[in-house]
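Visitor: I should like to be guided through this protein. Please begin with the way its parts meet.

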Amino acid sequence: MDLTREEESILNGEQGEGKQKAMELVTALGKIYGADSLIDITSAHLSGASYKTIGDGGLKYLEDLVGGGARVSVPSTLNPVGMDRTRWREMHIPESFAEKQLRIIDLYGQMGIDQVCSCTPYVGPNVPSMGDHVAWAESSALSFVNSYIGARTNREGGPGALAAAILGKTANYGLHLDEKRRPTVVIDADIDGSVFSYSLLGQAVGMAIGNGVPYFRNISPEVEEAKALSAAMAASGSIALYHVEGVTPEAGNFDVSELEVIHIGKKELENAYAKLNKTDDVQLIAIGCPHLTEKEMHQIAAFLKDKEKRNKDIEVWFCTSTAIREKCAEDVKIMERFGPVLADTCMVVAPIEGVFERTATNSAKAGNYLPTLCSQKAMCRDITALMELVL
Ligand code: F3S
């Protein structure tokens, strides 16, 4: 890989240990994936922020980076952490966990990272533009910005995205290159257009193709639908980019006439639903994966406005970002008659195992991860059906 003189000097440690470690990681990834050079990025989004997922080893790694003087050199945001940073007691979080989690957030802050702690930074404050090269971790968010916005990122892991953020550069391979953004299969979709149907569509496509670059026909997602679709395909498969005919910015660039066509309709959605639903009886309903947008907060509050929570045995959590919780204060008042509106966190990266065993969600992504990462029996239904469990 060709490095500039400046990049060589970072690799040789002439600009400090923090930057040197970052350059070692980015160039190692570049070599593995056959990159010819490094390219400048305009932003980063970092995962690996929950103490549940990174543990003491991750905490020590961050301490070392901060001790070595590492700081990000492009605008960077942080994924959800293991708890709401002010309301963690409402989530049954032990004090010992909270202390370490707050330390992790602080360390990211010392590196200059915006502690937004949300998986939807693309609705603000981290909004890339079409054609921007970026380094994003968080599979749902990176798929959204690749596909719906037309920015360019690989499916970064937490350490890779952090290293790129420190350098302001990433290795030039994969989805940064035009030829890797070509569709590999056409999906002829037949869904009812609800957000939940997009979640099931994503689940079914991930189950059908695993990876690749699907090109959708017959759907017209807006932000909320694309958010659900991106998250589901990234979890049931490892899809990091898709195109939607007539909707996403790069879809018109490709001739797909020779590609295989896969039909996803009623039968495939039923299979997807069956895969995600393993219990009829839950202790927690957790809504907001990926984090709820302002529009979704309004919709939920409008639905709940004249209703009462009758079933007190089931806890309800709503997950969003701090900014949206503040912006939707009136909605929050209504929603909190049912359960806390939590910011900074979600049902997957919070340590819910040990507190709950059966959890319901409206998200195919969470439906995939609740059993594997949180030891839960999962239920996955649309928001109305979930709320009816407590009405
Ligand atoms: Fe976001 Fe957590 Fe889902 S990070 S995408 S709410 S699993």
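Visitor: How many salt bridges does the rule find across the interface of domain 1 and domain 2?

Guide: The model is a predicted one. Domain 1 covers 5-178 and domain 2 covers 182-274. The rule asks for a side-chain nitrogen of Lys or Arg within 4 Å of a carboxyl oxygen of Asp or Glu. Across the interface of domain 1 and domain 2, the number found is one.

Visitor: Which residue forms a salt bridge with Glu250?

Guide: Glu250 falls within the bounds of domain 2, 182-274. The closest N and O atoms of the pair are 3.9 Å apart, and the cut-off is 4 Å. The partner of Glu250 is Arg152.

Visitor: Which three residues supply 39% of the area that domain 1 buries against domain 2?

Guide: The C-alpha centres of the two domains lie 27 Å apart, and 18 residues of domain 1 are in contact with 19 residues of domain 2. Between them, domain 1 and domain 2 bury about 1400 Å², with 64% of it on carbon and sulfur atoms. On the side of domain 1, the three residues that contribute more than any other three are Ser147, Tyr148 and Arg155.

Visitor: Why is one side of β3 and of β4 left without a neighbour in the sheet?

Guide: Three strands form an open sheet with parallel pairing, in the order β3-β2-β4. β3 (76-78) and β4 (135-136) stand at its edges, so one side of each has no neighbour, the reason being that each has a single partner strand.

Visitor: Which residue of β4 is the bridge partner of His45?

Guide: Strand β2 comprises residues 44-46 and is joined to β4 by two bridges, the strands running parallel. In β4, the bridge partner of His45 is Trp136.

Visitor: What angle does the direction of helix α6 make with that of β2?

Guide: Helix α6 (residues 158-167) packs on the sheet and touches β2, β3 and β4. Its direction and that of β2 make an angle of about 140°.

Visitor: Which helix makes a right-handed β-α-β unit with β7 and β8?

Guide: Strand β7 (residues 214-217) pairs in the parallel sense with β6 (residues 185-189) over four bridges, and β6, helix α7 (residues 195-209) and β7 make a right-handed β-α-β unit. β7 also pairs in the parallel sense with β8 (residues 243-244), over two bridges; there, Phe216 has Val244 as its bridge partner. The right-handed unit of β7 and β8 is made with helix α8 (residues 223-236).

How values were computed. Residues numbered from 1 in each chain as written. Predicted model: local features only at pLDDT ≥ 70, side-chain atom pairs only at ≥ 80, totals over all residues. Heavy atoms only, no water. Pairing = 2+ DSSP bridges. Contact = heavy atoms within 4.5 Å. Axes fitted to C-alpha atoms, helices over the stretch in contact; angles between N-to-C directions. Right-handed = clockwise from strand over helix to strand, strands pointing away. Domains from an automatic or database assignment. Buried area = accessible area lost by both parts, 1.4 Å probe.
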